[in-house]
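Colleague: I would like a close look at one charged side chain before I go back to the bench. Please start there and then take me through the surroundings at whatever length you need.

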Amino acid sequence: MEKIIVDGSSRLSGEVGISGSKNSLSAILPAVCLKEKDSVFTVRNVPCLSDTECICNLLAEIGFVVDKDDGQKRISVYGQIEKLSLSEENVRRIRASCLFLGALTAACGEARVPFCGGDRIGDRPLDIHISVLEKFGVMVHVNQGLIECKAREFPLRGTTVFLRYPSVGATETAILLAVKAAGESYIYNAACEPEITDMAVALNAMGANITGAGTSVIHIRGVKKLGSLDHEIIPDRLECATYLLAFAVSRGNGSVKNVIPEHNIALISLLKDTGIKIRQHDTSIEIDASDCHYLPINADAMPYPGMPSDIQPLLSALAVLCKGLSTIKDTVFADRFQYVSEYKKMGVDILRSYNHIYICGPQPVQAATVTGEDIRTATSLVLAALSATGRTTIYGYEHIRRGYEDFDKKMSSLGANMLVVL
Ligand code: EPU
């Protein structure tokens, strides 16, 4: 396991630039499967992450030629699908690999993809994805860990789907299935996350006809062909939130640049309520936490535009410093609390009851040796370590590399004292 060693008690200050969105990229790249053979699919502002590497490997595996230029933050994809199945090696590393079920079936009428992996943040079934596939007339069989899809009729026929929960991934699957299906499709109770809107913008630029993305009803008129793309990925709102919270827990001040502030409206509002000074500009957010007494937090993680579940583990690092009882609830992933046992090792008195945690602060945070087994847990532990007295060792840095570009370099440039040991 890779580790990061963090010396606590330094106040962060300065400016940090935010990279392209991991989750937007992982929604957009599978759409390559829908392009015409001779067209070129280019995405820019691509974050250099191990997850990016993984999706590129998946595309190469099914026959595409992937030209990845880390310096230019660009990926261009050429060619066409040569193979309709994916092997377990890359699929089990990321959740977004399940989008290839919809992408391959929409392109060729069949797909074989092993059960996907991704962060261990509780039960992550695929039932909504599967019911969407079935609504589009696709037969789905699970055979020894492999999900096999076969369209009853190809090209697919447009349909109306109602999602029992506004799942981000299942909304993406429905969009992929609908864009080239004959006729019209409606997706009701769709996820409204900015990554869905970004995906629709990219697909429309290829020639799709999608309206309503970013709302809970999406309408798609199927088209016969999708052409080339040259698209800039939106900034990563979760990376932006992480740096805002890093400034907050270290009682620092500075600004995050190259962001869309509106995408973080839930967090900005919470930070203001906590007593932190925040100013939004067109593409940046200034934060000053150097001279404030934090009021307690009362937050419910929920679908967008609510507080993201991804930020829930990070909020606890701030709750520890707030005066009074903070309550944080996760209505999206009821088990996203792996950090609780690790916080206890850092001397934090934190109580979990089902999908709630309670922290009565302020409390001192002690340095310890801890482990983060998913992206946001590992990052939450780094944030807690910033306010700790002494040197904390956090195992699981490889998870941070999955979701944060140049994390240690960006944090160090703000004055954090940390060292990564690979
Ligand atoms: N769900 C089902 N059945 C399904 C699909 C989802 O029950 O078929 C449930 C999940 O178990 C969960 C809820 O619905 O309780 C929401 O899951 P959703 O499908 O919305 O999440 P996802 O698409 O698997 C994406 C992000 C996550 C982020 C969630 C919530 C990607 C690659 N992942 O996951 O990001 O937490 O949406 O916003 O886009 C991360 O970046 O660290 C990360 C885990």
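Colleague: What is the relative accessible area of Glu-153, and does that value make the residue buried or partly exposed?

Modeller: Everything that follows comes from a predicted model. Glu-153 has a relative accessible area of 40% and is partly exposed. Its side chain takes part in a salt bridge with Arg-157, where the closest N and O atoms are 2.9 Å apart. Side chains of opposite charge can pair when their charged atoms come close. Another feature is found in this stretch of chain: the peptide bond from Phe-154 to Pro-155 is cis, with omega near 0 degrees. Pro-155 sits in the loop that runs between strand 8 (146-151) and strand 9 (160-162).

The Glu-153 pair is best read against other salt bridges. The search of the whole structure gives 24 of them. One is formed by Glu-342 and Lys-345, with the closest N and O atoms 3.1 Å apart. Both residues belong to helix 11 (residues 339-345), where a spacing of three residues separates them by about one helical turn. Their exposure can be stated for each partner: Glu-342 is buried at a relative accessible area of 5%, whereas Lys-345 is partly exposed at 47%. Elsewhere, salt bridges with shared partners link Lys-22, Asp-51 and Arg-402 into one network.

A further pair is Arg-74 with Asp-69, whose closest N and O atoms are 3.8 Å apart. Arg-74 is buried, at 16% relative accessible area, and Asp-69 is partly exposed, at 26%. Lys-73 lies in the loop between strand 4 (65-69) and strand 5 (74-78). The phi angle of Lys-73 is near 55 degrees, which is a positive value in a residue other than glycine. Lys-73 is partly exposed, with a relative accessible area of 30%.

Asn-45 also has a positive phi, of about 60 degrees, without being a glycine. The loop that holds Asn-45 connects strand 3 (41-44) and helix 2 (50-61). At 19% relative accessibility, Asn-45 counts as buried; the cut-off for buried is under 20%.

Charged groups also appear around the ligand. The shell there has 24 residues, and the closest are Asp-127, Ser-167, Val-168, Val-332 and Arg-376. By type, the shell divides into nine nonpolar, five polar and 10 charged residues. At least two shell residues come from each of helix 1 (22-28), helix 5 (127-135), helix 6 (168-178) and helix 12 (375-386). The ligand lies between domain 1 (3-19 + 235-421) and domain 2 (22-232), because both domains give residues to the shell.

Several atom pairs can be checked directly in the viewer. A backbone N or O atom of Val-332 is 2.5 Å from an oxygen atom of the ligand. The side chain of Asn-23 has an N or O atom 3.1 Å from a ligand oxygen. For Pro-125, a polar backbone atom lies 3.2 Å from an oxygen atom of the ligand. On its own the ligand has 830 Å² of accessible area, and the protein covers 91% of that.

Arg-336 is a charged residue with a different kind of entry here: its side chain makes a polar contact with the side chain of Asp-310, at 3.2 Å. Arg-336 is placed in the loop between strand 18 (324-330) and helix 11. Its relative accessible area is 5%, so Arg-336 is buried.

Two strand residues give a sense of distance across the model. Val-370 is in strand 21 (residues 369-371) and is buried, at 1% relative accessible area. Its C-alpha atom is 30 Å from that of Lys-272, with the two positions 98 residues apart along the chain. Lys-257 belongs to strand 14 (residues 253-257) and is partly exposed, at 27%. The C-alpha atoms of Lys-257 and Leu-226 are separated by 34 Å, and these residues are 31 apart along the chain.

One more cis peptide bond is worth marking, from Gly-361 to Pro-362, with omega near 0 degrees. Pro-362 is in the loop between strand 20 (356-361) and strand 21.

To return to your residue: Glu-153 is partly exposed and is paired with Arg-157 in a salt bridge.

Definitions and conventions
Residues numbered from 1 in each chain as written. Predicted model: local features only at pLDDT ≥ 70, side-chain atom pairs only at ≥ 80, totals over all residues. Heavy atoms only, no water. Salt bridge = Lys/Arg side-chain N within 4 Å of Asp/Glu carboxyl O. Buried < 20%, exposed > 50% of the residue type's maximum accessible area, 1.4 Å probe, protein only. Helix = DSSP H or I, 4+ residues; strand = E, 2+ residues; numbered from the N terminus. Near = heavy atom within 4 Å. Polar contact = N/O pair within 3.5 Å; in protein donor to acceptor, adjacent residues only side chain to side chain. Areas by Shrake-Rupley, 256 points an atom, 1.4 Å probe, with all protein chains shown as cover. Nonpolar A, V, L, I, M, F, W, Y, C, P; charged D, E, K, R; others polar. Domains from an automatic or database assignment.
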